[in-house]
Amino acid sequence: MSYKAKAPDATGTVDSAGSATRLTRWLKRPFQRRQDEGKRVIGHMEGKHVGLALSGGGALGAAHIGVLEVLVAHGIRPYCISGTSAGSAVGALYSAGLSLALIREVALSLDWTKVGRVVRPRRGFFDGSKLEQYLIRLIGDRTFDQLITPFSCAAVDILRDELVTLREGRVAPAVRASCAFPGVFTPVVMGERLLVDGGLINNMPVGALREMGAEYLIAVDLSSSTLPRKPPNSLLEMWFMSLSTLTRLTHHEGSLADVVICPDIGEFNGIDLGAIPHLIQRGREAAERALPRILGDLGLEANRAG
């Protein structure tokens, strides 16, 4: 691969290999204290209500963190967030009040054993209940109305070929459903529905933002990278690449966005967690390129930061 150097963090410095102390302290705090701290972290933005749609892409979703770091540093705090698959995971963490520094540490410490358990292949090779449990450990077993920032995520009822926008009930199983990559992760049963990854029908849920009250819509597209990609080296890579090809056709709601941010991530794949520092940096770079237009549209000062 062409990436070598370790990517800088939001402050321009390089993360140390063992920098999980903030995350460890956060997990030891009582739930109510986490909730109060989260409200202070997210804060409030005057002016237009900004909605942020985060698309899916497996490990590529780390680019969303870099985008959020740049937007928030310039005073652009989303009024609401929608997400599909990996975008739903990042969106849920931010909407629950985790600081971007903590979300970055969650991403950097991630491994597949935290989000899936190998099972006898019937409906999938991995049981995604570990992802649900990990989310509960991070944000508590919250319902959508307990989140600090309004949030929704997209899933697909594979029995009815229907897009399902989840915005009520428990957050963790909803995110698990949105991330349930068909054939890899087991689907999620909700009532009479059998839910899988929302990217099958809508990998960029921009329309949901308007329904939640957003007036200015920003979308992050993880599927817009330059082709051709590198050939897959495993069955899992082949599956992710196949889904990526399919989800390119489900980005029709991108035209509803005022701005679409497109990180340059064509050299990466959706399963390489070792690339997360570089994906975060690519997200930052893409957001910086889009920043002048966004600031101009919102009437914000270009030099604002913090």
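Is Arg293 buried or exposed? Keep that one in mind; the tour comes back to it at the last helix. One thing to know before you start clicking: this is a predicted model.

**The whole chain**

Start with everything shown as a cartoon. The protein chain has 10 helices and 11 strands. Of its 306 residues, 56% count as buried. Now switch on the surface: its accessible area comes to about 13500 Å², and carbon and sulfur atoms account for 54% of that. As for contacts between residues at least 6 apart in sequence, 78% of them join residues at least 24 apart.

**Into the core**

Hide the surface and select Ile76, Phe151, Leu166, Ile218, Ile261 and Ile294. Within the largest nonpolar core, which has 76 residues, these touch the most other members. Next, colour helix 10 (residues 276–298), which supplies the largest share of this core, 10 residues. In soluble globular proteins, nonpolar side chains tend to be buried together.

Zoom in on Ile218. Beyond its close neighbours in sequence (those within four places), Ile218 is in contact with residues including Val50, Gly51, Leu52, Leu71, Ile76, Val259 and Ile294. Apart from the largest core lies another one, of 10 residues, and Val206, Leu209, Ala214 and Leu217 are among them.

**A covered helix**

Select residues 86–95, which make up helix 4. How many of its residues are buried? The count is 10 of 10. Click along and you'll pass Ala86, Gly87, Ser88 and Tyr94, among the buried ones. Just after helix 4 comes Gly97, with a positive phi of about 105°.

**Helix 8 and a distant partner**

Jump to Gly207, in helix 8 (residues 207–211). Gly207 counts as buried because its relative accessibility is 18%, and the cut-off for buried is under 20%. Leaving out residues up to four places away in sequence, Gly207 touches Glu253 and Leu256. Try a distance label between the C-alpha atoms of Gly207 and Glu253: they are separated by 6.6 Å, although the two residues are 46 apart along the chain.

**Cysteines**

How many disulfides does the structure hold? Zero. Show Cys153 and Cys179 to see one reason: the sulfur of Cys153 has its closest cysteine sulfur in Cys179, and at 8.0 Å that is too far for a bond. Cys153 is buried, at 2% relative accessibility, while Cys262 is partly exposed, at 34%.

**Salt bridges**

The structure holds 13 salt bridges. Select Glu69 and Arg104 for one of them, with N to O at 2.9 Å. Glu69 sits in helix 3 (residues 63–73) and Arg104 in helix 5 (residues 100–108), so this pair ties together parts that are 35 residues apart in sequence. Both Glu69 and Arg104 are buried.

Move on to Arg193 and Glu162, whose side chains meet at 3.1 Å, N to O. This pair links strand 9, home of Arg193, with strand 6, home of Glu162. Arg193 is partly exposed, at 30% relative accessible area, and Glu162 is partly exposed too, at 33%.

Finally, back to Arg293. Arg293 is exposed, because its relative accessibility is 51% and the cut-off for exposed is over 50%. Its salt-bridge partner is Asp297, with the closest N and O atoms 3.6 Å apart. Both lie in helix 10, four residues apart, which is about one turn of the helix. Asp297 is partly exposed, at 34%. For your last selection, pick Asp127, Glu132, Asp141, Arg170 and Arg176: salt bridges with shared partners join them into one network.

Methods: Residues are numbered from 1 along each chain as its sequence is written. This is a predicted model: local features need pLDDT of at least 70, side-chain atom pairs count only at pLDDT 80 or more; totals for chains, interfaces and linings use all residues. Side-chain values use heavy atoms; hydrogens and water are left out. A nonpolar core is a set of buried Ala, Val, Leu, Ile, Met, Phe, Trp, Tyr and Cys residues joined through side-chain atoms within 4.5 Å. Buried means under 20% relative accessible area, exposed over 50%, partly exposed in between (1.4 Å probe, protein chains only). Helices (H or I, at least four residues) and strands (E, at least two) are DSSP runs, numbered from the N terminus. Contact means heavy atoms within 4.5 Å. Accessible areas come from the Shrake-Rupley method with a 1.4 Å probe; for residues, only the protein chains shown count as cover. A disulfide is a pair of cysteine sulfur atoms within 2.5 Å. A salt bridge is a side-chain nitrogen of Lys or Arg within 4 Å of a carboxyl oxygen of Asp or Glu.
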